Amino acid sequence: MNIDFVGKTALVTGASRGIGFQIARDLANSGADLIVTSTKPEDRSRLVDAFGPTTRHYAVDLADDGARARFVDDIRSLSALHVCVNNAGVAVHGPLQAVDENTWNRTHDVNLKAPFFVSQAAADVMRRGSYGRIVNISSIWAHMTMPARAVYTATKFGLRGLSKTFALELARHNVLVNVVAPGFTLTDMVRDNYAAERLREIAARIPLGRLATTEEISRAVMFLASDLNTYITGQSLIVDGGYTVG
């Protein structure tokens, strides 16, 4: 069984690094015509070099209402869109009493509001072609929580619920909507935010004994976004090495 995206157009938000970069690269290597976003215009040349010369790059701050609306209008005007991966996200952790309104608003704007309106526009295009795959990148924190993650967890639980409703409404149009919920994944951001000793402690709590690689998260996305997936919708696939099992 081969995963092949030749002839398909795929959108990946937050593709400049980490999991999003890996997903975009895997889609490009499988033949997809890519549309990617990042927040910085200067990312364009690097991402085009990485994903191929036909890559379309949008520099857009998804927390900015005007910028997001213009981007959504551009997506809605596409002649075809087969895959939409909502990967862009922000994570600010802190105790309840330390959360201010700006942190609440920005986290919700990027993690929940943007996926709603991007998926809404993507679905408009997909329904015209009676085909689509939407994959929302959530987190294990859509299934559990811990101290200092109230705002982030709220958005990820919300994204999971949003995806279920989209799945129900779009099923009759052959548009499948699913969530991939990564556990601790070895990205540059994780390396920057956690000391080496803390990473060893986290790995020791994971039944498989290590953090995920970005490739392992991407493989789950690639399957759900591909033609191999014909009957899975409204689901949240946890990819965490068993962390949430215990």
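Is Phe117 buried, partly exposed or exposed? In this predicted model, Phe117 comes out as partly exposed, because its relative accessible area is 32% and the partly exposed class runs between 20% and 50%. Phe116 lands in that class too, with a relative accessible area of 28%.

Now look at how those two rings sit. Phe116 and Phe117 form an aromatic pair, with 4.9 Å from centre to centre and 85° between the planes. That makes the pair edge-to-face, since planes over 60 degrees apart are counted that way. A search of the whole structure turns up 7 aromatic pairs, so there's another worth a visit.

Head over to Phe184 and Tyr194. Their ring centres are 6.4 Å apart and their planes meet at 85°, so this pair is edge-to-face. Phe184 sits in the loop between β6 (175-182) and α6 (188-193), while Tyr194 sits in the loop between α6 and α7 (196-205), so the contact ties together parts that are 10 residues apart in sequence. Both Phe184 and Tyr194 are buried. They also belong to a wider group: ring pairs link Trp141, Phe184, Tyr194 and Tyr243 into a cluster.

Finally, swing round to the surface. Met1, Ile3, Phe223, Leu228 and Ile232 make up a nonpolar patch there of about 470 Å². Take Met1 as one of its members: you'll find this residue in the segment before β1 (9-12). Met1 has a relative accessible area of 92%, which means that Met1 counts as exposed, the cut-off for that being over 50%.

Conventions:
Residues numbered from 1 in each chain as written. Predicted model: local features only at pLDDT ≥ 70, side-chain atom pairs only at ≥ 80, totals over all residues. Heavy atoms only, no water. Phe/Tyr/Trp six-rings, centres within 6.5 Å; stacked < 30°, edge-to-face > 60°. Buried < 20%, exposed > 50% of the residue type's maximum accessible area, 1.4 Å probe, protein only. Helix = DSSP H or I, 4+ residues; strand = E, 2+ residues; numbered from the N terminus. Patch = residues over 30% accessible without salt bridge, like charges linked within 9 Å, V, L, I, M, F, W, Y side chains within 5 Å. Areas by Shrake-Rupley, 256 points an atom, 1.4 Å probe, with all protein chains shown as cover. Salt bridge = Lys/Arg side-chain N within 4 Å of Asp/Glu carboxyl O.
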